[in-house]
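Trainee: I'm new to this structure and would like to understand one part of it properly. Please pick a single helix, take me through it closely, and then show me how its surroundings fit in.

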Amino acid sequence: MSYRSAPFDGGVVGATPLATESIGDSVRSLEPLVLSLLVLAVVGLAVGGWWVVRWFRRPPGAQLQRLLATHDEVTVLMHPNPDPDAMSCAMGVAAIADAVDTDAELQYAGEIRHQENRAFRTVLELEMESIDASSQLAADPVVLVDHNTPRGFTGAQTVEPVAVVDHHPGNGAGTKFTDVRTDYGAASTIIVEYLEEIGATLDDGEGSGPEVSPELATGLLYGIQSDTNHLTNGCSRAEFDACATLFSGIDEDLLDRIANPQVSDDVLRVKATAITEKRIEGPFAVCDVGEIGNVDAIPQAADELMHLEGVTAVVVYGEHDGTIHLSGRSRDDRVHMGEALRHAISDIPMASAGGHARMGGGQLSIDHMNGIGPSDGISREEFEERLFSAMAGER
């Protein structure tokens with residue numbers, strides 16, 4: 001038995017002329033309305049696919065702006081005792097929210113005591129509110145900036161932020177938006193990139209989005225500088241790029257007034273104590289500055305000790321209102337300061353510590369240090385030995 005295939009004539013492959021003619025007749029017999037619906041369906045699928053691709057390829061700044069636009073008002077929450085990086089981030093998020101007609105209220109827990117931080121707030125005329133409990137939050141949608149887990153106020157653990165913008169290590173996340181870049185030296189850098197992505201306009205007139213005021217540009221620049229020790233510590237290339245972007249929009253007079261505030265007598269005394277009472281072992285220094293009235297003097301004293309020749313890592317601690325506050329600095333590649341502090345207090349109940357390789361901090365209760373709870377307690381001398389061992393990598 002032999003088989004003969006129909007010759008190819010430009011119709012359906014493998015089909016006979018009669019079959020091809022039948023298919024053509026079937027298509028022509030369809031109602032015009034059905035054909036129209038088929039065409040619309042194909043076009044709809046194509047447009048829908050394009051929008052899906054575009055949605056997922058939108059830059060983070062545009063994603064955050066779109067999220068903010070879905071709310072009439074939001075709370076922009078800074079970490080307790082906010083520094084210039086946190087405050088400038090809050091300013092930036094508020095500017096992005098304002099561009100889509102969303103009201104943003106800036107709030108924080110704790111106090112603003114550091115003279116640099118107070119000058120930042122005063123010079124830039126920031127409207128910020130301190131809170132003690134979650135019930136005082138201005139709006140239910142909360143955006144966290146410069147930290148990724150709410151803390152420092154009653155009910156903080158019940159707050160579920162809709163968005164998180166941060167550069168610190170941690171497991172916190174927003175329910176709708178999370179952008180945590182631990183390789184960045186400052187969270188303000190992320191905000192600068194957001195403003196670029198939505199086409200923000202500086203004083204040079206370039207851009208198509210919201211206008212960046214001199215106050216905002218100056219604040220973001222100083223936020224980057226303060227968190228990177230004037231672009232010398234923990235920087236990525238993104239910090240330098242962000243500063244270059246902001247340069248044309250800053251106000252030099254505002255910048256000078258923020259950078260050179262008057263220093264309180266308390267801060268000078270704590271610095272003097274750290275210098276004169278320090279304990280040095282090899283390249284490491286530790287100092288107990290005793291009971292203090294201003295905890296923000298502790299990190300400033302740590303910065304001061306880092307200027308000592310031959311010292312590559314330091315920890316300064318002091319007592320305030322029943323709590324020991326720790327601040328550490330390192331320029332030693334062998335010492336990850338955040339990890340060193342965390343290991344030093346790891347078995348003390350209710351204590352917490354952490355941070356970056358170059359900078360860390362922590363807190364612990366005097367009562368728990370002395371032995372309340374399941375631990376046996378340790379003396380100040382033993383605690384300092386722990387700090388030295390942790391910096392040396394022996395703990």
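Mentor: Let's start with a term we will need often: a residue is buried when its relative accessible area is under 20%, exposed when it is over 50%, and partly exposed in between, using a 1.4 Å probe and protein chains only. This is a predicted model, so local features need pLDDT of at least 70 and side-chain atom pairs count only at pLDDT 80 or more, while totals for chains, interfaces and linings use all residues. Residues are numbered from 1 along each chain as its sequence is written, and side-chain values use heavy atoms, leaving out hydrogens and water.

Our part is helix H10, residues 265–277. Helices (H or I, at least four residues) and strands (E, at least two) are DSSP runs, numbered from the N terminus. The expected span of a helix is 1.5 Å times one less than its number of residues. For the 13 residues of H10 that gives 18 Å, which agrees with the 18 Å between its end C-alpha atoms.

Now look at which way its residues face. Val 267, Val 270, Lys 271 and Ala 274 are the buried residues of H10. They sit on the same side of H10, because they cover an arc of only 100° around the axis; the arc is that of the directions from the helix axis to the C-beta atoms. An α-helix has 3.6 residues a turn, so residues three or four places apart point the same way. On the other side of H10 you will find Thr 276 and Glu 277, which are exposed.

What does the buried side meet? The buried residues of H10 pack against helix H5 (115–123), strand E8 (284–291) and helix H11 (297–305), where contact means heavy atoms within 4.5 Å.

H10 also holds a salt bridge, that is, a side-chain nitrogen of Lys or Arg within 4 Å of a carboxyl oxygen of Asp or Glu. By this rule the count comes to 19 salt bridges. In H10, Arg 269 pairs with Asp 266, their closest N and O atoms being 2.5 Å apart. These two residues are three places apart in the helix, about one turn. Arg 269 is partly exposed at 46% relative accessible area, and Asp 266 is partly exposed as well, at 34%.

From here, follow the neighbour H11. Asp 303 forms a salt bridge with Arg 329, with 2.7 Å between the closest N and O atoms. This pair links distant parts of the chain, since Asp 303 is in helix H11 and Arg 329 is in strand E10 (residues 323–330), 26 residues apart. Arg 329 counts as buried because its relative accessibility is 9%, whereas Asp 303, at 38%, counts as partly exposed. Elsewhere, salt bridges that share partners join Arg 279, Glu 281, Glu 384 and Glu 385 into one network.

E10 in turn has a partner strand. Two strands pair if DSSP finds at least two bridges between them. Seven bridges join E10 to strand E12 (residues 359–365), and the two run antiparallel; Ser 327 has Gly 361 of E12 as its bridge partner. E12 is also joined to strand E11 (residues 352–355) by four bridges, again antiparallel, and Ser 352 stands opposite Gln 363. A hairpin connects E11 to E12 through three residues.
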